[in-house]
Amino acid sequence: MLRKYGIYAIIGLIVLFALLHLGFPPEQHDTRTTATTFLGGSAFLLMTCAVVLSTRAPILESLFGGLDRMYQVHRVVGVSAAILALVHFFGVPKELPAGVDPVANVLVPSAPLGMLGLIFLVIGLFVALNRKIRYSFWRPTHKIMALVYLLLVGHFFTAPAIFVEQFSPSGLLLLISAIVGVVCMLYSLFGMNKRTALPYTIETVNAMERATEIVLKPTGAALQFKPGQFAFVEIQGKGWSEPHPFTISSAPDEDHLRFSIKVLGDWTRKVREELQPGATVMVRGPYGRFDAANATEKQIWLAGGIGLTPFLSKIRAMQPDDSRQIHLVYAAREEQDAIFLDELKRLAEKLGNVTIVPVFSDEGNFARVDMMKQKLPDALGSYEYFMCGPKPMVNGIMKDLKGEGVPRHRIHTEAFEFR
Ligand SMILES: Cc1cc2nc3c(=O)[nH]c(=O)nc-3n(C[C@H](O)[C@H](O)[C@H](O)COP(=O)(O)OP(=O)(O)OC[C@H]3O[C@@H](n4cnc5c(N)ncnc54)[C@H](O)[C@@H]3O)c2cc1C
C-alpha cells in the first residue's frame with residue numbers, strides 16, 4: 001500500500017535539524033562553516049534513517065507501506081546522504097581556526113575519520129547500486145556500511161568545538177540520532193534474523209512449467225500472515241547461503257506454507273534441481289503490506305507471470321461471503337506458462353465474485369489499459385488497482401492509469417526486488 005508518513009518523518013527530521021542548526025549556530029561559526037556543517041549533519045541524519053530502515057521493524061512497514069518500499073527509500077536516502085557528505089567535504093573550510101596550534105591539530109582524528117568514512121561510503125554505494133554485482137556477493141559487502149556509519153559517528157563526536165566542546169541544540173539532535181543509529185545497526189547485524197525465524201521442513205518440491213512449488217510443514221509454531229505477505233526463506237545446509245524473499249502463495253488457514261518460485265538465477269535453479277523433501281528451512285516474516293482486504297469493493301488485480309503469487313494467496317483465502325468484485329488480469333507468455341490457471345478458474349467459479357482474465361502475449365494480447373477499458377464493466381476510475389509483475393509492465397500500466405485520471409492512491413504495487 002502507498003504510505004508516505006515515513007517519508008514525511010524523514011523530511012521533518014531534516015527540517016528540524018535545519019531550524020536548530022541554522023537558527024542557533026555555534027557562535028564561532030562563519031556562514032560557510034554553518035552551511036557546510038548543516039550539510040554534513042543532514043548527511044549523517046539521512047545515514048541514520050537508512051540504518052533504522054534496515055531493521056525491517058513492523059512499525060516502519062506501516063509508515064512506509066511495506067518492506068519493498070522501505071528498501072526503496074533506504075536506497076534514495078543512502079544516495080542523498082553520500083551526495084550531501086561529498087558537498088560537505090569539498091565545502092567545509094580546510095584551514096585551522098585562527099589561533100589554533102597546528103602541532104596540536106584539533107582536527108585529528110575527526111578529519112581522517114570523516115575522510116575514511118566518505119571513501120568507504122562512496123565504495124559501498126558503488127557496490128550497492130551496481131546491479132551487475134551478484135546478490136550473494138552484494139549482501140556481505142553491503143555490511144561495509146556499518147563501518148562507514150561508525151566512522152561518521154567518530155567523525156562528528158571528535159569534531160572540534162562543533163558539537164562537543166560547545167553545546168548546540170543541533171549537536172544534541174545528532175547525538176540522539178547516533179545513539180539510535182548504533183543500537184539499530186547492532187540489532188540489524190546481530191539480532192534481527194533471530195527475531196521471527198521459524199523452523200519448517202520441506203514436504204514436497206513440485207517442478208511446474210517455469211516455476212517450482214515448494215510445500216513446507218511447520219516443525220513448531222506456524223507463521224501467522226495475511227494473504228499477499230512474503231517471507232525470507234533460508235534453506236539450512238551447505239551451499240544454500242543467504243535467505244531469499246518469496247511471497248507466500250498458500251492461504252493463512254492452510255496447514256502448510258507454499259511458495260511458487262520462478263527460476264531466475266543460481267539459487268532458484270538449485271531449488272528446482274537439488275532441493276529434497278526433508279530439508280530444514282528457516283522462514284522469517286511475515287513482511288509486506290500488499291493488502292487488498294480493506295480496499296474498495298471493486299478491485300482489479302494485475303498479475304504478470306510469477307507476480308501471480310500474492311493474488312494466489314488472496315484467492316485461496318477468500319470466503320464465499322466476500323462481497324468484493326474482483327477482476328484478476330493474469331498476463332503470461334502462453335497458456336502453458338500461466339501456472340495455477342486451472343485452479344484459479346475453479347476457485348473463481350466457486351466464489352462467484354472473481355473474474356479471471358487471462359492474457360497471453362504469444363497470442364498478441366497484453367495487459368494494457370486500453371484492453372481493460374474494453375473488458376471491464378465499469379469506468380476505470382471506479383476500481384482500486386493491485387499490481388505485481390515485471391517492472392516495465394507495472395510502470396507502463398501505472399502511467400496509463402494515471403493518464404486516465406485514476407488517482408495514485410488507488411494504485412498499489414508490489415515490487416519483487418529490493419535493490
Ligand atoms: C518482496 C519479494 C517477493 C518475492 N516473491 C517472489 C515469488 O513469490 N516468487 C518468485 O519466483 N520470486 C519472488 N521474488 C524474487 C526472488 O526473491 C528472486 O527471484 C530470487 O531471490 C532470485 O535469486 P537467485 O539467486 O536465483 O537469482 P539472482 O540472479 O542471483 O538474483 C536475481 C535478482 O533477485 C534479487 N535477489 C537475489 N537474491 C536475493 C536475496 N537473497 N534477497 C533479496 N533479493 C535477492 C536481486 O535483485 C537479483 O538481482 C520476490 C522478491 C521480493 C523482493
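**Notebook: ligand shell and the β8–β9 pair**

I first sorted the residues of the shell around the ligand by type and got 12 nonpolar, 6 polar and 4 charged, where Ala, Val, Leu, Ile, Met, Phe, Trp, Tyr, Cys and Pro count as nonpolar, Asp, Glu, Lys and Arg as charged, and the others, Gly among them, as polar. I note that this is a predicted model, in which local features need pLDDT of at least 70 and side-chain atom pairs count only at pLDDT 80 or more, while totals for chains, interfaces and linings use all residues. Residues are numbered from 1 along each chain as its sequence is written, and side-chain values use heavy atoms, with hydrogens and water left out.

I then listed the 22 residues that surround the ligand (a heavy atom within 4 Å), the closest being Pro243, His244, Pro245, Lys262 and Thr268.

Next I looked up polar contacts, meaning pairs of N or O atoms within 3.5 Å. I found a ligand oxygen 2.7 Å from a side-chain N or O atom of histidine 244, and a ligand oxygen 2.7 Å from a polar backbone atom of proline 245. A ligand nitrogen lies 3.1 Å from a backbone N or O atom of threonine 247. The protein buries 88% of the 890 Å² that the ligand exposes when taken alone (Shrake-Rupley method, 1.4 Å probe).

Finally I turned to strand β9 (residues 354-360; strands are DSSP E runs of at least two residues), in which 5 of 7 residues are buried, that is, under 20% relative accessible area (1.4 Å probe, protein chains only). Strand β8 (residues 325-332) pairs with β9 in the parallel sense over 7 bridges, pairing requiring at least two DSSP bridges.

Terms used
A polar contact is a pair of N or O atoms within 3.5 Å; within protein, one must be able to donate a hydrogen and the other to accept it, and residues adjacent in sequence count only if both atoms are side-chain atoms. Buried means under 20% relative accessible area, exposed over 50%, partly exposed in between (1.4 Å probe, protein chains only). Helices (H or I, at least four residues) and strands (E, at least two) are DSSP runs, numbered from the N terminus.
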